[in-house]
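These are my notebook entries on what I looked up in this structure. I kept each entry to one topic, and I wrote down what I found in the order in which I went through it.

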Amino acid sequence: MQRTRPTAHGAGSRQWRSRGIVAAFGLCAVAPLPAAVFTVDTADDTTDASPGDGRCADALDRCSLRAAVQETNALAGADRIELPAGEFLLSLAGSGEDAAASGDLDVRDDLAVVGAGAALTSIDAGAHDRAVEVHAGSAPRRVGFSALTLRNGRLVQPTAYGGAGLRAAPATEVALDDVVLEGHRTVWVWSGVALDIEGCLVGHRIRVLGNAAVESGETIYVHGSPDAAATACIELDDSEIRGNLGTRGGALSGDYARIVLRRSLVADNEATGGAGAFLFNIAAPARLENVTVSGNRGINGAIMNDGHSRLDIVNGTITRNGSPAGQQAVAGGILDVHGGSGLVYLRNTILAGNGPATHYADCNHANSDGGGNLLGDARSCAFAAQPGDQLDTDPGLGPLADHGGFTAAHAPGAAAIDRATDQGCPATDQRGAPRPLDGDGDGMARCDTGALELADGLFADGFDTMLRR
């Protein structure tokens, strides 16, 4: 239980941290931890008058966001900042310092920042610097942001690191819940623009929208140390990465990192010199489960798998991906550079309707992992099929639309309904709706191929446009 918080700006407030907050950061605490809670009461961007005195107070005795960050940095223990609805513009220009005195918000202690909702509370970097940087410490740093938007960060050379939206240093653990990252820019910065992660990030219901890496970089870059494979990680559930621009990876690139996406949409991203959605590069094992990859544009396909990284796709829908404007793509869907049958493994996945491309419309190499897949163009793909796979088949997908859940998806056609393998079928679909269900009316519940599970025969005649919720 928490003690009652003082009402005056959180001044001098020290209280017991709730077990709910502890759980959100994945901690296994056997006893509550002491914490300070500061409630921001001004939108002005001002510094703390006396960091470390236990009071969030600027020269006018107001608690600003920047002053709260400075005070929590100076206090030992895990703290919390509460933001009301409104826009919090970081107007104190001046990048390059790391004490949150100007430019970005430098976080140097365990912290939770909680807004009133992603549509109501925003932190705007003002195109002066990045929005947030989470620094490493002597012990793993645990930081969370929830119910807010980070927007309008900007980085240009010279800068040591990327992450115009948020950068997480090594040995950090970052949790994002109901967070939007939008409108961030980097110019000649070879790294992530919205997120640059060298630690580990867990995201739930996040949207990464309309960010641009100009000349170099990617929207999200997750990268660990080459001294030990996969030292960094990212795990996103019920999330959306859409309408972003990069060079290597339109949505996400990884090196020495573990990557997991579940129940998510990756759509309409572009990479001018790489893969429209994902580049899984050196030692970057990845798993996509109930993920739709649609409308992305890159010369090396929507997904490029490289660097001896294994990619597992379970109940995915990969469709309508193609070339950037004015360029020709080598592959539309998946490009695996490992030779032979590659290191891409598909189960219960729709891979169809991609391209056109100069060499491979849907893929060049892939393996069936238990069957249940539907390929639109298997002739140009060295696909190691198993019984239960459908080759050179039209999935009859509907348009990308709202069918319930957090993100849009493509409704499956008759060829995908009740045609997947039940072995390894996830318990829910992209919307979080249960699997398997009887979709063809034969009285038997079977898993559908692709990211959505059809509840009944609504789409069998091709006339319906919405899944029954």
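**Entry 1: Arg248**

I first looked up whether Arg248 is buried or exposed. In this predicted model, Arg248 has a relative accessible area of 15%, and because buried means under 20%, I noted Arg248 as buried. I then looked up its place in the chain, and I found Arg248 in the loop between β21 (245-246) and β22 (252-255).

Next I asked which side chains make a polar contact with the side chain of Arg248. One is the side chain of Glu218, at 2.9 Å, and another is the side chain of Asp255, where the polar contact is 3.4 Å. I also went through the residues that Arg248 touches, leaving out those up to four places away in sequence, and both Glu218 and Asp255 are on that list. Also among them are Trp190, Tyr221 and Leu279, as well as Gly217, Ser253 and Asn281. To complete the list I wrote down Ala271, Gly274 and Ala275, which Arg248 touches too.

**Entry 2: strand β10**

I turned to strand β10, which covers residues 141-151, and I asked how many of its residues are buried. The count is nine of eleven, so I recorded the strand as mostly covered, with buried again standing for under 20% relative accessible area.

I then looked up the strands with which β10 pairs. With strand β13 (residues 172-182), β10 runs parallel and is joined by ten bridges, and in this pairing Gly144 stands opposite Ala175. Strand β7 (residues 111-114) also runs parallel to β10, with four bridges between them, and here Ala112 is the residue that stands opposite Gly144. I noted that Gly144 therefore appears in both pairings, opposite Ala112 in one and opposite Ala175 of β13 in the other. Strand β8 (residues 121-124) pairs with β10 in the parallel sense as well, over three bridges, and Ser122 of β8 stands opposite Thr149 of β10.

**Entry 3: the second largest pocket**

My last entry is about the second largest pocket, for which I noted a volume of about 300 Å³. I asked which of its 20 lining residues lie nearest its centre, and I found Ser95, Gly96, Asp129, Leu155 and Thr159. The largest share of the lining, three residues, comes from strand β11 (residues 154-156). When I looked up the lining by class, I found eight charged residues, along with six polar and six nonpolar ones.

Definitions and conventions:
Residues numbered from 1 in each chain as written. Predicted model: local features only at pLDDT ≥ 70, side-chain atom pairs only at ≥ 80, totals over all residues. Heavy atoms only, no water. Buried < 20%, exposed > 50% of the residue type's maximum accessible area, 1.4 Å probe, protein only. Helix = DSSP H or I, 4+ residues; strand = E, 2+ residues; numbered from the N terminus. Pairing = 2+ DSSP bridges. 1 Å grid on protein atoms, 1.4 Å probe; cavity = no way out; pocket = protein on both sides within 12 Å on 5 of 7 lines; lining within 4 Å. Points joined across faces, edges and corners; volume = space filled by probe spheres on them. Nonpolar A, V, L, I, M, F, W, Y, C, P; charged D, E, K, R; others polar. Polar contact = N/O pair within 3.5 Å; in protein donor to acceptor, adjacent residues only side chain to side chain. Contact = heavy atoms within 4.5 Å.
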